[in-house]
Protein chains: 2
Amino acid sequence: MSPAVPAAAQPAPAGRPAPDPHPVPHPSDARTILDRCDELAAVSSTHHGITRVYLSPEHARVNALAAGWMTAAGMTTWQDAAGNQRGRYEAAEPGAPAILLGSHLDTVPDAGRYDGILGVLLAIAVVERLHRAGTRLPVAVEVAAFGDEEGTRFGTALLGSRALAGTWDDAWWQLVDEAGTTLRDAFTAFGLDPAAVGDAAPPRGSVVGYLEAHIEQGPYLLEADRALAVVSSIAGARRFELTMTGVAGHAGGVPFHRRHDALAGASEVVLAVERLARDADCVATVGRLEAFPGGVNVIPGLVEFSLDLRGEHDDRRDEVWAAVREAAAEVGERRGLAFAAHETHSAPAVVASPALRDVVRDGIAATGDTDPMVLFSKAGHDAMAVAELTDWAMLFVRCGNGGISHHPDEIVTLADVAVALDAFEASVRALAERSR
Amino acid sequence: MSPAVPAAAQPAPAGRPAPDPHPVPHPSDARTILDRCDELAAVSSTHHGITRVYLSPEHARVNALAAGWMTAAGMTTWQDAAGNQRGRYEAAEPGAPAILLGSHLDTVPDAGRYDGILGVLLAIAVVERLHRAGTRLPVAVEVAAFGDEEGTRFGTALLGSRALAGTWDDAWWQLVDEAGTTLRDAFTAFGLDPAAVGDAAPPRGSVVGYLEAHIEQGPYLLEADRALAVVSSIAGARRFELTMTGVAGHAGGVPFHRRHDALAGASEVVLAVERLARDADCVATVGRLEAFPGGVNVIPGLVEFSLDLRGEHDDRRDEVWAAVREAAAEVGERRGLAFAAHETHSAPAVVASPALRDVVRDGIAATGDTDPMVLFSKAGHDAMAVAELTDWAMLFVRCGNGGISHHPDEIVTLADVAVALDAFEASVRALAERSR
């Protein structure tokens, strides 16, 4: 929807040196990454914009594209038992443990083109550089392109990375998408064997650590005029499906004092969520809301809505949830409505491994930023799931347009991608040295 | 969904006099009407509940059922140029002007089984009685079963009765349903010729007046312990499609101070609508609301919602709308959102013709209620559209369950239907005498 790169950041034509006073390092590798982002952006279930969900035909198509790029980077590839696209660049000594790099290829509805995707392509590009240089490290480098991080299709997030982490929950098989398809049936339709999902997890000890690069999805790097940051921790998110149930009725015939309007009640809850989360320095979002039966002249008898709740500290986040429940119960009492909540996702805040955080900091420092910014991530990431399997750290890359994400206006610059690639490569090399 | 008749009101077995101290007059005619309501209720586009919209396959099926009943009642029948099912019971002198009776067969989503439908079946039952008695009146009696009153499919209401009234607006051809089908294409798919829609209107002077029976859709008859009322006037309704546009973004990455959350803004408007309408003694309903893109972890960038606004007095209703717009603009200003409104329907309050109101009052009085209740209708009715063609009056029938309507729990009693039929027949006979 939007140009991927501002005109000023376009690489100079081939064969002519760039006169830019801030030369872009290795512009061609970064250019390839952005071109690949564009290629993936064309794979969508919608005509306009980008929407790509777990176990969809679009998922299969982007896996095939990623597999091709992995192969070109010298990797052996496979689609794992949960539909994640995987690749392995062998160590100097075959069969050695591996550094795992990754992020996700699925999207929210009407998404941007970098969220998750940039991290997968940076990982492949790091391997491509090793391959091009003929370098074999003391450890292998594996790349995982996760099939579900956002939870767009089944409500529950991180399904791909949780399968890899070996923390799959059999209760999830009964999750249903909007068409009523269960996760189990979606697995089978995608050509996967639900009984084999455990095979997605590598043996314990075979992974030495996990590094993930990701756009910041916030304004802090932009405001600080920095390209990269090291991530200190990831906020724990909880997600709920909420319902407010009243009584449908005729928009003309039912006077206000006899109404049990589910939408008026839900609207109060939406505003209470905003107020309570803000006051507690947490972040909360009602992203979905629909009134039923949905007739223009019918008082809504039911509202279905969602709540996504995040906080740097789990206890404070949980206090907000308790306050929201209390506020919703009060609204229900006063209006004669029934409020109900079903938790679909819960993740505690996770803290990056100090040793791997140092590796990422050193990687950034190698690009010239000797005192890198440290950021706390309010967005969830695959690293949260992989944290159950191995140590982890993350590299944040600045995004433009005020830091907008989950929106077509999501943007990164060629220069930032180039420096991110250098930092990420340096981090991988440093971690390999430490894992020798 | 609910039993149509409480057990206590069941008619006595045939051949045995009812020992009920409050005997039900003509229970068999009323029983037929309720059985037909049940038969129509089975014609739905959904598996559960009743949803039947304009120009749908279900519309064609209920037209065919109504045509069969009209024929059995001695009427000639035709489907008119707008898809309304019509029937004519000839006068003593063929070609005489006609009393028009009618109501609608379409429904809101997940509707009850009496709204509109009871009025059509009462009208047919009146003709059936004339036919059975071999009575020809000095005027013909025509029945119109309108195909669209609710506006469920195309947003704009009263399409069927407006076609009959000769007030069709060619701008409506471009209305689209949720599937993107234009009204014009829906006409063609239903087998109608858009160019011929004007033929649905009878010649001026050929109709002497319009009478409509309808359930009250409110609690006032129930609270007053009365079965029937005469309608004084119908509130003018205005309907709007509203949008609140903000900026979609990541539920984790965007701090509150940078959000432009369309749903939080729309929630404020929903509550302002309720407060402003209640304070002005008007009725307002937001029946539809949906947030987009609708991801659980995406800040809503767009909310589409509806507003239905009614008042006994047009000027006060219009003041409420001005206040709502002002409140929405203030919300938009404060939150960095854009509010927009598009009016889809506007009808001024209409007052029943004094002469025909007297006819209905006399009809009720003939059943023993000598000082009938007079009610103002907050719900819109086909009579509002037919008012452009001829004089009109309406008969309200009590509904139970607190007066609930636009809901599966909509209910009437056999006894009330029986007395309504007597009153409606008496009204028709009285109007025929006055039109001699």
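**Hairpin in chain B**

I started with strands β1 and β2 of chain B in this predicted model. Strand β1 covers residues 76–79 and strand β2 covers residues 85–89; I found them paired in the antiparallel sense, over four bridges. I then looked for the partner of B:W78 and found B:R86 of β2(B) opposite. Five residues lie between the strands of this hairpin, and in it B:G83 has a positive phi near 90°.

**Two helices in chain B**

Next I looked up how helix α3 (residues 117–133) and helix α11 (residues 414–434) of chain B sit against each other. I noted two values, because a pair of packed helices is described by the angle and the distance between the axes. The axes of α3(B) and α11(B) come within 9 Å and cross at roughly 60°. I recorded the crossing of α3(B) and α11(B) as right-handed. On the α3(B) side I listed B:L118, B:L122, B:A123, B:A125, B:V126, B:R129 and B:L130 as the contact residues. From α11(B) the contact takes residues including B:V417, B:L421, B:F424 and B:V428. Which classes do the residues of this contact divide into? I noted 11 nonpolar, four charged and no polar.

**Between the chains**

I turned to the contact of chain A with chain B, which takes 60 residues from chain A and 60 residues from chain B. The two chains bury about 5,200 Å² between them, and 60% of that is on carbon and sulfur atoms. Which residues of chain A lose the most area to chain B? I wrote down A:H250, A:F256 and A:V296, which together make up 15% of what the chain A side buries.

**Backbone details**

I checked the peptide bond between A:F292 and A:P293 and found it cis, with omega about 5°. A:P293 lies in the loop between β10 (289–292) and β11 (298–299) of chain A. In chain B, I found a cis bond from B:F292 to B:P293, with omega near 5°. The loop that holds B:P293 runs between β10 (289–292) and β11 (298–299) of chain B.

I also looked at A:D281, a residue other than glycine with a positive phi, near 60°. I placed A:D281 in the loop between α7 (262–279) and β9 (283–285) of chain A.

**Confidence**

Last, I looked up the scores. The model has ipTM 0.71 and pTM 0.69. For chain A the mean pLDDT is 92, and 94% of the residues of chain A reach 70 or more. Where in chain A does pLDDT stay under 50? I found this over residues 1–22, for which the model has 22 contacts beyond four places in sequence. I leave the details there alone, because predicted coordinates should not be read in detail where pLDDT is low.

Note on methods
Residues are numbered from 1 along each chain as its sequence is written. Chains are lettered from A and ligands numbered from 1 in the order in which they are written. This is a predicted model: local features need pLDDT of at least 70, side-chain atom pairs count only at pLDDT 80 or more; totals for chains, interfaces and linings use all residues. Side-chain values use heavy atoms; hydrogens and water are left out. Axes are lines fitted to C-alpha atoms, for helices over the stretch in contact, and angles run from 0 to 180 degrees between N-to-C directions. A crossing is left-handed if the near helix is turned anticlockwise from the far one by less than a right angle, and right-handed if clockwise. Contact means heavy atoms within 4.5 Å. Ala, Val, Leu, Ile, Met, Phe, Trp, Tyr, Cys and Pro count as nonpolar, Asp, Glu, Lys and Arg as charged, and the others, Gly among them, as polar. pLDDT is the predictor's confidence in each residue, from 0 to 100. Two strands pair if DSSP finds at least two bridges between them. Buried area is the accessible area (1.4 Å probe) that two parts lose on being put together, summed over both.
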